Amino acid sequence: MADRMPKEDLVRTAIAVGLTALGLYVCYLLALPFLGAITWAVVLSILIAPAHRRLEERLPYPSLAAMLSTIAAAVVVAVPVLFVAQQLIGEAANAAVFIEKMLRSSAWRAAIDDSPRLAAIAAWLEERLDLAGAAASPAAWLTGRSTSFLRASATQLAGFVLTFYFLFFFLRDRGRILALIDALSPMSAAETRLLVGRFSETVDATIFGVIVVAIVQGTLGGLMFWWLGLPLPMVWGLVMGLLAIV
């Protein structure tokens, strides 16, 4: 009987570990659709935390302060994102049409006639590839996509709603959330607070030091293209912003 007990304990342990792993995997599958919303909610809660704390000092009701901060974040973030995305898809379609027209015309060939090597490469490509036809397919797809973006955005609405739903609770209950992290962390309280602080600093530095600067540079570049009357100002502004991040 004594010899059988360790084996039975081993079987029970193996079953418990297997069920635990299965439960964690099921929890992962359940949480997977919400990871993006949770991540953005955490980022937004860190970014607007200073302003939210000042609002909390003026309002005695934490839920009201969190609701006002969430509404302000939704207005500042969601509306511009949807507008820019719609405009970018429309201009991307215009860019594909513009490239197709340029390839079908001879203007681009005249621009490289002074360079024998480029002219030879262009002639070789034209003999073997239908460049204008290759550009026509993405042009048609982007044109159709730009008209259906508003319908497709309805499916993305759930993600935005969940993001700001989580943001409300992250702002209102951040004290309890931090206390729970302290309780569950295997590190000491001081080390956990240092880790959380460094994480917040990293998010701030990444968003404000890289992304916000890139957005400003891309916006100014796009406005410059628009002011000079150059084609596709928003597309080139996006390109400038991405290169600024690089």
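**Exercise 1. Determine which elements cover the buried residues of helix 9, and which residues these are.**

Solution. The cover over the buried residues of helix 9 includes helix 2, helix 8 (174–184) and helix 10 (233–245), where contact means heavy atoms within 4.5 Å and helices are DSSP runs (H or I, at least four residues) numbered from the N terminus. The model is a predicted one, in which local features need pLDDT of at least 70 and side-chain atom pairs count only at pLDDT 80 or more, while totals for chains, interfaces and linings use all residues. Residues are numbered from 1 along each chain as its sequence is written, and side-chain values use heavy atoms, with hydrogens and water left out. The buried residues of helix 9 are Thr192, Val203, Ile207, Ala214, Gly218, Gly221, Gly222 and Phe225, buried being under 20% relative accessible area with a 1.4 Å probe on protein chains only.

**Exercise 2. Describe the course of helix 9: how many residues does it have, and where does it bend?**

Solution. Begin with the length: helix 9 (residues 189–228) has 40 residues and spans 57 Å from its first C-alpha to its last, close to the expected 58 Å, a figure obtained as 1.5 Å times one less than the number of residues. Next, look along the axis, which bends by about 30° at isoleucine 211, as the angle between axes fitted to the seven residues ending there and the seven starting there. Finally, glycine 229 follows helix 9 and has a positive phi, near 75°.

**Exercise 3. Identify the largest nonpolar core and the helices that supply it.**

Solution. A nonpolar core is a set of buried Ala, Val, Leu, Ile, Met, Phe, Trp, Tyr and Cys residues joined through side-chain atoms within 4.5 Å. The largest has 11 residues, among them Ala37, Leu44, Ala73, Phe164 and Leu167. Helix 2 (35–47), helix 4 (62–104) and helix 7 (131–172) each supply at least two of its residues, and the largest share, 5 residues, comes from helix 7. Apart from this core lies another, of 5 residues, including Val43, Ile46, Val203 and Ile207. As for single contacts, alanine 73 touches Ile48, Ala78, Phe164 and Leu167, residues up to four places away in sequence not being counted.

**Exercise 4. State the overall make-up of the protein chain.**

Solution. The chain contains 10 helices and 0 strands. Of its 246 residues, 22% count as buried. Among contacts between residues at least 6 apart in sequence, 71% join residues at least 24 apart.

Technical notes
Buried means under 20% relative accessible area, exposed over 50%, partly exposed in between (1.4 Å probe, protein chains only).
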